[in-house]
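Biologist: I'm new to this one, so could you take me slowly through one stretch of the chain and whatever sits around it? Feel free to wander a bit afterwards.

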Amino acid sequence: MDFDFTEEQQQLAKAVGEFAAAKVAPHRHESDVRGSYRPGLLREMADEGLFSLRVPPAYGGRGLSAVGCGIALEELAAADLTVCFPVLNAALVGAVLAANGTEDQLARWLPPIAHGEAVVALGLTEPDRGTDAANIDMRAEPRAGGWVLTGEKTSIMVTAYATHCLVFARTGGPGARGITAFYTPLDVEGVRRERLSDLGCRAGGRGRIVFDGVFVDERDVVGEPGLGFVEVMRGFGVSRALIALMAIAVGRAALDEAIAHAGRREAFGSPIGTFQSVAFPLVEHVTMLHAARLVSYEALHRADAGRDPRVPANMAKWWAPKAAVEAVHQSLLTLGHLGWSEEGPVAQRLRDVIGLQLADGTAAATKLVVARQLLGREAAP
Ligand SMILES: Cc1cc2nc3c(=O)[nH]c(=O)nc-3n(C[C@H](O)[C@H](O)[C@H](O)COP(=O)(O)OP(=O)(O)OC[C@H]3O[C@@H](n4cnc5c(N)ncnc54)[C@H](O)[C@@H]3O)c2cc1C
């Protein structure tokens, strides 16, 4: 067993880390206050190859492993969690399209994603359907040469920037088998978007997308009609481990800030780190995040080896965001009033990282997956 990254993976971490330190971290606070990414940032990220991570080289991408994608997202999340979302979407949607598209579709869809000309959103959640995603209400009715989408998606990250959406709609009867996936442009008649006002990740542009009789060409059906949920969604198997790593990176960055502070700040004549009640909680949180990181990378490693990543990915998704929220909270307390201030990074990190306890499924949704593996479907909740 080898716990070290390869030389190539270390270089990837270094390159993305340097980009994030120079181009992302210095703008975290102003982006949060403004509620949008720094103008020009998405183009710079595209030029850095951050939207091509999981796109196959034949279509202009880097064809990185799931582990490589995790490495890049960790580096970005440590600088500013919000900038991870378009990168995560490009990686997940790029990989899902690559696995389900025809030659013609891949040639049309993938190069624009890899080059950052297409910014993709993932449209699954609806006002009345979140965890219960197999029961979505949005309809797609057949028309000559395509389908007409009617319904609303909400809580969709990067709504404010997206040019395209991988959207799930009902084309058949009730349940998972009646759902079809479509890859559709958003600058078309009948699409309306609205920003949401959030606790954190404020630059991420989360919003509602209303589809009011939107025509989608039949060439833009992803996979077969009726297989959107049972086949296409399967491609998202590693998303939970990637999100876990994003959370861990936020937690670890906050802990590093707290550890530095504990060595600097003096009280009662000595650095506060010399007090066990300051040092030991930091040790405990570093331990938790370290262990959660191993589970997350195990999931990605399994996926890269062609094995089922679901159990460690779902373990990581319920555990890591919770451990990260607690780690950032402890870091804030260690920093005292400086931590509470929005002048420093930790307060924003806390607001931002809570969102990862919801995004792509709550702890309950992920524990259900693990419970069904452990207990069997009949004996699980
Ligand atoms: C930052 C952020 C980014 C997001 N990005 C996207 C995106 O890009 N695209 C997208 O489609 N969605 C996105 N979402 C939505 C996210 O996937 C949902 O919020 C999530 O799946 C939970 O659904 P819900 O909010 O409707 O909660 P609900 O499903 O209404 O759940 C409410 C509560 O009930 C619990 N619950 C529900 N069912 C069960 C059960 N069977 N057993 C036990 N407890 C249960 C849940 O755990 C939760 O605590 C995002 C959300 C956030 C916060």
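Modeller: Let's start at Asp 360, which sits in the loop between helix H11 (345-354) and H12. Those labels come from DSSP runs numbered from the N terminus, with helices (H or I) needing at least four residues and strands (E) at least two. Before we go on, this is a predicted model, so local features need pLDDT of at least 70 and side-chain atom pairs count only at pLDDT 80 or more, while totals for chains, interfaces and linings use all residues. Residues are numbered from 1 along each chain as its sequence is written, and side-chain values use heavy atoms, with hydrogens and water left out.

Back to Asp 360: its phi is positive, about 60°, although it isn't a glycine. Most residues other than glycine have a negative phi. Asp 360 is partly exposed, with a relative accessible area of 33%. Here buried means under 20% relative accessible area, exposed means over 50%, and partly exposed is in between (1.4 Å probe, protein chains only).

Phe 268 also has a positive phi without being a glycine, near 55°. Phe 268 belongs to the loop between strand E9 (266-267) and strand E10 (270-271). With a relative accessible area of 84%, Phe 268 counts as exposed.

Now step along into helix H12, where you'll find Ala 365. Ala 365 is buried, at 12% relative accessible area. The C-alpha atom of Ala 365 is 10.0 Å from that of Gly 130, even though the two positions lie 235 residues apart along the chain.

Helix H12 also leads us to the ligand. There are 16 residues around it, and the ones that come nearest are Leu 122, Thr 125, Thr 131, Ser 155 and Thr 362. A residue makes that list if one of its heavy atoms lies within 4 Å of the molecule.

Three of these residues have polar contacts worth finding on screen. A polar contact is a pair of N or O atoms within 3.5 Å; within protein, one must be able to donate a hydrogen and the other to accept it, and residues adjacent in sequence count only if both atoms are side-chain atoms. In the side chain of Thr 125, an N or O atom is 2.7 Å from a nitrogen atom of the ligand. Thr 131 also uses its side chain, with an N or O atom 2.6 Å from a ligand oxygen. Ser 155 uses a polar backbone atom, 3.2 Å from a nitrogen atom of the ligand. On its own the ligand has 970 Å² of accessible area, and the protein covers 61% of that. Such areas come from the Shrake-Rupley method with a 1.4 Å probe; for residues, only the protein chains shown count as cover. Strand E3 (146-156) and helix H12 (363-375) are the elements that give two or more residues to the shell around the ligand.

What kinds of residues make up the shell around the ligand? Eight are nonpolar, seven polar and one charged. For that sorting, Ala, Val, Leu, Ile, Met, Phe, Trp, Tyr, Cys and Pro are nonpolar, Asp, Glu, Lys and Arg are charged, and the others, Gly among them, are polar. Domain 2 (121-230) and domain 3 (233-375) each supply at least three residues of the shell; the domain bounds come from an automatic or database domain assignment.

You may wonder about the cysteines too. Taking a disulfide as a pair of cysteine sulfur atoms within 2.5 Å, the count is zero. The sulfur of Cys 165 can't make a bond because the closest cysteine sulfur, in Cys 201, is 18 Å away. For Cys 201, the closest cysteine sulfur is in Cys 84, 8.8 Å away, and that is too far as well. Both are buried: Cys 165 at 0% relative accessible area and Cys 201 at 6%.

One last stop, since you said I could wander: Ala 91 in helix H5 (residues 84-100). Ala 91 is buried, with 4% relative accessible area, and its C-alpha atom is 9.2 Å from that of Ser 239, 148 residues apart along the chain.
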